[in-house]
Amino acid sequence: MSTSAEWEDLVSTALVGTDRRPLPGPGASEVELLGRAAVHTLRMRAGRRPVVPGEPTAVAAPEEQTAVSRAAGDRLARILGGEQPRLLTEWLKTAAARGYRLSPHLLPELLDHAAKDRSIRPHLGVLAGNRGRWLAGLNPAWGFLLEEVTGGADEVSEVWEFGTSGDRRVHLGALRAADPARARELLAATWEKETPDDRAAFLEVLGTGLSPDDEPFLEAALDDRRREVRNQAADLLTRLPGSRLALRMAERAAQYVNVLNGDIYVALPKACDSAMERDGIRAKAPQGIGERSWWLQQAVARTPLDVWPRLLGRPPRELIRMKIVDWGREIRAGWVRAAVLQEDPEWAMELFAWDPIADLLAALPRDKQETVAADFVRRHGLDGQLIMVLGGAAVPWGPTLATAVLQKIIDVSGTQPWNLGELTKLAGERIDPALHGVAGRLSPEPPIQEVAALLRFRDDMLRELQ
């Protein structure tokens with residue numbers, strides 16, 4: 001019987017019970033069923049049969065990285081076992097950034113986890129080491145690992161030609177930070193040979209050190225066959241106020257929006273032609289949204305924000321609060337997207353005061369985020385919006401935001417303790433873990449002590465990874 005057929009037979013028996021469908025052979029009990037299932041699982045994790053019968057499997061290359069400490073590995077096993085599972089990403093990110101590798105016994109479970117959760121895969125390229133890549137070559141379900149960053153990209157002179165997709169992204173990013181023009185030229189030289197996924201990923205790297213010198217390359221990328229590539233190129237060109245795309249968008253904005261008697265009036269686009277689509281405006285609207293209003297919102301989002309004060313004769317603060325006779329929701333939604341895309345702190349601050357959302361908070365400079373988020377926490381009640389806004393604050397949270405959140409927990413614990421769960425977890429996961437002592441001394445309230453305990457857990461976790 002094949003391996004897959006054997007497993008299906010075991011599953012079928014488990015579903016109906018051994019009384020109704022006895023196992024073949026002696027020992028048809030439930031214990032025997034579980035035992036066979038355990039053996040089958042171990043066999044699957046151990047690898048696969050050689051393609052050529054009798055051909056020995058090549059051994060894994062020797063490891064070059066330092067393994068995580070025993071204490072760090074034990075803590076990861078506890079996290080994988082269900083203790084503070086939301087900290088898995090922080091553990092993996094920290095360990096990978098420090099160049100560690102995992103102990104071999106942790107690899108199968110973690111690779112199985114990554115097969116279902118794509119978000120942790122970039123960290124595993126480093127952590128898995130040579131043993132992990134050897135296992136990935138034996139198990140197709142783990143093959144994704146072979147495309148991730150290995151951690152040795154900066155040491156390989158031919159990485160751009162022979163490296164994994166992840167290593168090539170790292171290499172291009174490092175070169176872009178040091179010499180933007182050389183990085184662009186390197187990408188341009190191999191552009192036609194790159195896969196669509198790699199082209200989109202490499203364009204994102206060009207966001208570092210973006211300058212008008214990049215415009216010709218990005219303008220050409222607007223003609224790419226892949227929509228994701230075209231959109232990424234349009235996003236970058238939107239961040240260049242003097243680009244040809246920005247000027248085209250400014251011309252469209254002047255046709256759609258004007259001021260009359262102190263109010264803003266809007267004329268919807270009549271069509272989405274090929275030129276608009278080339279500039280990143282998607283013709284097909286999401287379900288429930290009118291096509292013409294959808295085109296308007298996208299055009300506003302790609303128009304340089306400095307166009308609007310010149311066009312409408314008002315500073316951002318006044319424009320955001322002016323009466324828009326029709327289509328105000330679409331105009332303001334476009335401004336929000338533009339502020340995030342163009343990383344404009346003035347517009348982001350004014351729009352956050354009008355409509356506080358996480359993306360606008362994240363668009364603010366780090367020193368502003370703390371004070372703006374803390375002020376919002378003090379003024380706003382505990383609800384889903386508060387939780388979502390806090391998701392935009394950069395981590396780790398410093399003393400100002402930490403104090404505001406902890407005080408909110410104390411205030412709410414006396415009136416609606418049932419509503420504290422998510423805020424308590426978020427505080428424990430986002431506050432600087434070095435503040436665990438401050439949190440523990442702040443109040444004997446159980447939610448505060450829960451936050452302090454989680455911060456101590458993280459502080460110990462990070463110390464083990466030093």
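In this predicted model, Asp198 is a bit of a loner: its side chain is buried, yet no salt bridge is made. The nearest side chain of opposite charge belongs to Arg168, and that one is 4.1 Å away. A salt bridge needs the nitrogen and the carboxyl oxygen to be within 4 Å, so at 4.1 Å Asp198 and Arg168 do not make one. Asp198 sits in helix H11, which covers residues 196-205. Setting aside neighbours within four places in sequence, Asp198 is in contact with Ser165 and Arg168.

Elsewhere, charged side chains do pair up, and the count comes to 28 salt bridges. Take Asp214 and Arg184, whose side chains meet with N and O 2.7 Å apart. Asp214 is in the loop between H11 and helix H12 (215-221), while Arg184 is in helix H10 (residues 180-190), so this pair ties together parts that are 30 residues apart in sequence. How accessible is Asp214, buried or exposed? Its relative accessibility is 1%, so Asp214 counts as buried. Arg184 counts as buried too, with a value of 14%.

Helix H11 also holds Arg199, and this residue does have a partner: Arg199 and Asp224 meet in a salt bridge of 2.9 Å, N to O. The two are 25 residues apart, with Asp224 placed in the loop between H12 and helix H13 (227-238), and the pair links distant parts of the chain. Asp224 has a relative accessible area of 9%, so it is buried. Arg199 is buried as well, at 4%.

Further along the chain, Arg321 forms a salt bridge with Glu350, and their closest N and O atoms are 3.5 Å apart. Here the partners come from two helices, Arg321 from H18 (residues 316-321) and Glu350 from H20 (residues 345-354), so parts 29 residues apart in sequence get tied together. Arg321 is partly exposed, with 42% relative accessibility, whereas Glu350 is buried, with 14%.

Salt bridges can also join up into something bigger than a pair. Glu219, Asp223, Arg248, Arg252, Arg278 and Asp279 are linked in a network of salt bridges.

Charge is not the whole story, though. Trp7, Val11, Leu15 and Val16 make a nonpolar patch of about 370 Å² on the surface. Val11, one of these residues, is found in helix H1 (residues 3-16). Why can Val11 be part of a surface patch? Patch residues need over 30% relative accessible area, and Val11 is partly exposed at 36%, so it passes that cut-off.

Conventions. Residues are numbered from 1 along each chain as its sequence is written. This is a predicted model: local features need pLDDT of at least 70, side-chain atom pairs count only at pLDDT 80 or more; totals for chains, interfaces and linings use all residues. Side-chain values use heavy atoms; hydrogens and water are left out. Patches are made of residues with over 30% relative accessible area and no salt bridge: like charges are joined within 9 Å, nonpolar side chains (Val, Leu, Ile, Met, Phe, Trp, Tyr) within 5 Å. Accessible areas come from the Shrake-Rupley method with a 1.4 Å probe; for residues, only the protein chains shown count as cover. Helices (H or I, at least four residues) and strands (E, at least two) are DSSP runs, numbered from the N terminus. Buried means under 20% relative accessible area, exposed over 50%, partly exposed in between (1.4 Å probe, protein chains only). Lys and Arg count as positive and Asp and Glu as negative; His and the chain ends are not counted. Contact means heavy atoms within 4.5 Å.
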